[in-house]
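User: I'd like to learn how to read a model like this one feature by feature. Could you walk me through it, starting with the empty spaces inside?

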Amino acid sequence: MELAGEPVDVGAEAFIARRPELPALLGELGLSDQLVHPAGLRPLIWSEDALHPLPVNTLMGIPADADSLRGLVDDRTLARWRGSGRSPSTGHRARTPRWGHSSASGSARRWSSGRWIRFSEGYIRPRRHHRCPCRGSHARRGPRPRGHQPVRGRGGSPPAPAAGPVFGALRDGYGVLLRALSTAASAEIVHERIRTLTRDGDGWYADPVGRVDGVVLAVPAPQLADLLADIAPRASAAAADIPLASSAVVALALPADAGVPQNSGILVATDAALGAKAFTLSSRKWPHLAEREVTLVRASFGRFGDAAVVDAPDDELIAAARRDLATVTGVSAEPVAAHVQRWHGGLPQYGPGHLDRVAVIEQEVAGLDGVEVSGALLHGVGVPACVAAATTAAARLAGRVAR
């Protein structure tokens with residue numbers, strides 16, 4: 001969408017640039033020049049009424065060494081863990097969490113007296129750590145086969161990352177990518193919600209659209225459960241068991257001289273008396289946005305199990321975003337423009353057993369000739385993971401339809 005006369009992303013913003021899927025897709029569509037990288041400024045944490053630098057060298061947001069927590073936990077806790085030689089991310093020497101186990105099984109018990117666990121409950125996505133299995137949620141390198149053992153760094157720390165910037169974005173927003181995909185596919189866009197899907201000869205009947213040769217179901221888990229109820233009941237039940245979280249993004253275009261800090265963003269601890277869970281200081285984070293005549297800031301609202309804030313009126317959300325931004329940064333300038341974007345049920349939660357549910361969905365749908373499933377409910381909510389799932393589904397469907 002446009003804000004203050006220029007495009008702004010109000011859904012996904014950054015993506016993991018070290019995964020190959022999105023750069024490859026941009027190259028295929030002739031959009032490689034759209035790929036941009038962040039300025040490299042450090043993010044902050046707002047906890048106990050103060051800003052702190054975000055610890056570096058983390059595993060899924062959990063610090064891998066005690067010293068990175070200086071200023072975030074009390075000195076006694078810091079000294080205890082430094083002396084133990086153990087990793088805060090695991091509580092063990094030279095070990096990382098096993099895939100499929102809840103990250104709270106260790107870190108929550110060990111760090112509940114400090115600030116970190118209260119912050120990390122809302123880290124990146126609106127979820128609770130006791131519902132977040134490490135293997136099911138760690139989608140940076142894609143899904144791992146059963147029995148896979150993660151690579152371990154020295155002393156239990158994460159392995160050294162590959163070379164190159166970690167994150168990327170599109171200079172003119174994801175709308176450029178969507179339009180290019182539509183043009184390349186010669187797609188006819190039909191805005192209809194499919195109510196039922198039934199077999200029709202060697203194809204399928206999608207009510208109310210009509211007969212189709214094949215279909216990729218890239219829909220939220222509840223809608224997937226409804227569409228598969230009669231044709232793949234086990235997959236339907238598995239999809240129905242995937243919980244969702246809702247969120248809202250408030251995009252603010254502030255005056256260029258508003259005084260926004262020279263940091264990429266601010267993550268808010270869950271114990272803080274604020275409505276926002278995070279701020280992206282977009283014009284600081286992305287050099288191409290710093291060239292604009294306004295300063296762009298995104299405020300994120302909504303945590304798992306607390307969707308009421310997402311349904312608040314626009315003026316209330318905008319006021320809350322401004323109030324919370326002033327609290328953590330001192331910036332109280334009147335916005336030049338503002339926009340509220342709600343994502344109801346937009347974030348599937350990867351709770352314990354998620355990969356088993358996905359396996360049931362994929363195995364049963366594999367028996368439906370001409371039907372594929374894609375989307376964030378499978379192997380990752382990030383854009384590269386979704387591109388990977390969609391590419392696999394489209395390739396299989398094209399192969400089936402061509403037979």
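Analyst: Sure. Keep in mind that this is a predicted model. The count here comes to three cavities of 30 Å³ or more. The largest cavity has a volume of about 170 Å³, and it is lined by 20 residues, of which Pro7, Val8, Asp9, Glu13 and Leu289 are the closest to its centre.

User: Which elements each supply at least two residues of the lining of the largest cavity?

Analyst: They are β9 (167–170), β14, α10 (287–290) and β17. β17 gives the most, with three residues.

User: Now sheets. How do I read one?

Analyst: The general idea first: strands of a sheet pair through backbone hydrogen bonds, either parallel or antiparallel. Now the case here. One open sheet has seven strands in the order β6-β5-β15-β16-β17-β14-β18, and its pairing is mixed. At the edges you'll find β6 (50–53) and β18 (337–348), each with a single partner strand, so one side of each has no neighbour in the sheet. On average, neighbouring strands in this sheet are turned by 25° against each other, direction ignored.

User: What packs on that sheet?

Analyst: Helix α11 (residues 314–329) does. The helix touches β5 (44–47), β6, β14, β15 (265–268), β16 (276–280), β17 (294–301) and β18, and its direction makes about 70° with that of β14.

User: How many bridges join β14 to β18?

Analyst: Nine, and the two strands run antiparallel. To pick out a pair, take Leu244: its bridge partner in β18 is Pro348.

User: Can we zoom in on a single residue of β14?

Analyst: Try Ser246, which lies in that strand, residues 244–255.

User: Is Ser246 buried or exposed?

Analyst: Buried means under 20% relative accessible area. Ser246 has 13%, so it counts as buried. Its side chain reaches the backbone nitrogen of Gly345 at 2.8 Å. Skipping neighbours within four places in sequence, Ser246 is in contact with Phe301, Gly302, Arg303, Ala307, Val310, Trp343, His344 and Gly345.

User: And a residue in the edge strand β6?

Analyst: Pro53 is found there. With a relative accessibility of 45%, Pro53 counts as partly exposed. You can also compare sequence and space: Pro53 and Arg42 are eleven residues apart in sequence, and their C-alpha atoms are 7.1 Å apart.

User: What about the sheet that has three strands? What is its order?

Analyst: The order is β3-β9-β4, an open sheet with antiparallel pairing. Its edge strands are β3 (15–16) and β4 (35–36), each pairing on one side only. Two bridges join β4 to β9, and Leu35 stands opposite Leu170 in β9.

User: Next, hairpins. Where should I look?

Analyst: Go to strand β10 (residues 196–200) and strand β11 (residues 203–207), which run antiparallel and are joined by five bridges. One of the pairs is Arg199 with Trp204 in β11. This hairpin has two residues between the strands, and Gly201 takes a positive phi near 65°.

User: How many bridges pair β11 with strand β12?

Analyst: Three, again in the antiparallel sense, with β12 covering residues 210–212. Tyr205 has Arg211 as its bridge partner in β12. A hairpin joins β11 to β12 through two residues. Pro208 lies in the loop between them, and the peptide bond from Asp207 to Pro208 is cis, with omega near 10°.

User: Why would a cis bond or a positive phi catch your eye?

Analyst: Because most residues other than glycine have a negative phi, and most peptide bonds are trans. Two further spots stand out on that basis. Phi of Asp49 is positive, near 65°, and Ser186 also has a positive phi, near 50°.

User: Where do Asp49 and Ser186 sit?

Analyst: Asp49 is in the loop between β5 and β6, while Ser186 is in the loop between α6 (174–184) and β10.

User: Are Asp49 and Ser186 buried or exposed?

Analyst: Asp49 counts as exposed, at 67% relative accessibility. Ser186 is exposed too, with a relative accessible area of 66%.

Methods
Residues numbered from 1 in each chain as written. Predicted model: local features only at pLDDT ≥ 70, side-chain atom pairs only at ≥ 80, totals over all residues. Heavy atoms only, no water. Helix = DSSP H or I, 4+ residues; strand = E, 2+ residues; numbered from the N terminus. Buried < 20%, exposed > 50% of the residue type's maximum accessible area, 1.4 Å probe, protein only. Polar contact = N/O pair within 3.5 Å; in protein donor to acceptor, adjacent residues only side chain to side chain. Contact = heavy atoms within 4.5 Å. Pairing = 2+ DSSP bridges. Axes fitted to C-alpha atoms, helices over the stretch in contact; angles between N-to-C directions. 1 Å grid on protein atoms, 1.4 Å probe; cavity = no way out; pocket = protein on both sides within 12 Å on 5 of 7 lines; lining within 4 Å. Points joined across faces, edges and corners; volume = space filled by probe spheres on them.
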